Amino acid sequence: MTSLVHQLIDTLPKAELHLHIEGTLEPEMMLALAKRNKITLPYETVDDVRAAYQFDNLQDFLDVYYLGMSVLIEERDFHDLTWAYLTKVHADGLTHAEIFFDPQAHMERGIAFETVLAGITSALEQAHKELGITSKLIMCFLRHLSEEEAFDTLACACKHKDHIFAVGLDSSEQGHPPEKFERVFAQARKEGFVAVAHAGEEGPPENVENALDLLGVSRVDHGNSALQDAGLTRRLAQEQTPLTMCPISNLRLKGIPDLSAAPVKKALDANLLVTVNSDDPSYFGGYLNDNYRAVADALALTEPQIVTLARNSFKASFLEDSEKQTQLDRIDAQITRLRPA
Ligand code: HPA
Ligand code: ZN
């Protein structure tokens, strides 16, 4: 019999707030696009691709991730990629997505910013119309590239404020701390973008603190190492700054030895606004609900804790308050449906 915890995971409305669209590229689509676009990959079969997905750390993964996305060339490739993700998670109960994209990784291959953006946004619009999924787009700066390149990318985003809601910071955390992008983030916020950043994935708690204080982020992506610092944990609880955690990603990148070490329960117990997300589901082998199930089982999460995680996903989102309330009401309605009176 399926437990109520698993039924809640399968059927509650949820938002995903930490998802790199390029990280949803499934091996089958990668090979099909390589053929269509005449790109040579070091893989012949789906099994070859999957065999490459063994990572000892974040950089190992990033090398494979940038290679994989080299098959994305045309606007319709970005559309197909985004549409495939949205239809898949629609079946998981996803009703809202805040999606990262990495334009610099495409522009350095000669793909226009507008090609990437048009493909992604047309799929988001289609998902709104046909699946009722709402979304926001977050443009990430690649932190291993220079401040100057980030400023150039920000200038591209400024032409598309109607489609880009926030800016983020991803790629290699080691050696590229938040302070490298303090001026870029100040300018982005002045331009009206909301700010988020990956911090505390492989880096120390200071990176989380500096993302808050120097970059002015409204939400921290991962934020795992913050839990090592009692003062910072208290601050995050008090300010209710959301953390977008990604347990299967942490496991696959060897940030944690096993799922029982995922800091999700510790964050819940400390009253943090923690959420569960998939990061790069194709590469890490788990979409949104797989991540919920993984932590529910490994950490023996209770029914109320699963409900809290689903509620947090909307509370931590960038939806308007009235939209958040609508989603929270939908969660309550589903709980009523699952619990016989
Ligand atoms: N961390 C940092 N950068 C990334 C990731 C991640 O998990 N996925 C894609 N870019
Ligand atoms: Zn990420």
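The exchange below concerns ligand 1 and a salt bridge in a predicted model.

Author: In this predicted model, local features need pLDDT of at least 70 and side-chain atom pairs count only at pLDDT 80 or more, while totals for chains, interfaces and linings use all residues. Residues are numbered from 1 along each chain as its sequence is written, chains are lettered from A and ligands numbered from 1 in the order in which they are written, and side-chain values use heavy atoms, with hydrogens and water left out.

Reader: What makes the approach of E201 to ligand 1 a polar contact?

Author: A polar contact is a pair of N or O atoms within 3.5 Å; a polar side-chain atom of E201 lies 2.8 Å from a nitrogen atom of ligand 1, so the pair qualifies. A polar side-chain atom of H20, at 3.3 Å from a nitrogen atom of the ligand, also meets the limit.

Reader: How much of the area that ligand 1 exposes when taken alone does the protein bury?

Author: Taken alone, ligand 1 exposes 260 Å², and the protein buries 100% of that, with accessible areas coming from the Shrake-Rupley method with a 1.4 Å probe.

Reader: Why is the link between K254 and D56 called a salt bridge?

Author: The term requires a side-chain nitrogen of Lys or Arg within 4 Å of a carboxyl oxygen of Asp or Glu; the side chains of K254 and D56 meet at 3.5 Å, N to O, and therefore satisfy it. This pair links distant parts of the chain, 198 residues apart, with K254 in the loop between α12 and α13 and D56 in the loop between α3 and α4.

Reader: How many salt bridges does a search of the whole structure find?

Author: The search finds 14.

How values were computed. A polar contact is a pair of N or O atoms within 3.5 Å; within protein, one must be able to donate a hydrogen and the other to accept it, and residues adjacent in sequence count only if both atoms are side-chain atoms. Helices (H or I, at least four residues) and strands (E, at least two) are DSSP runs, numbered from the N terminus.
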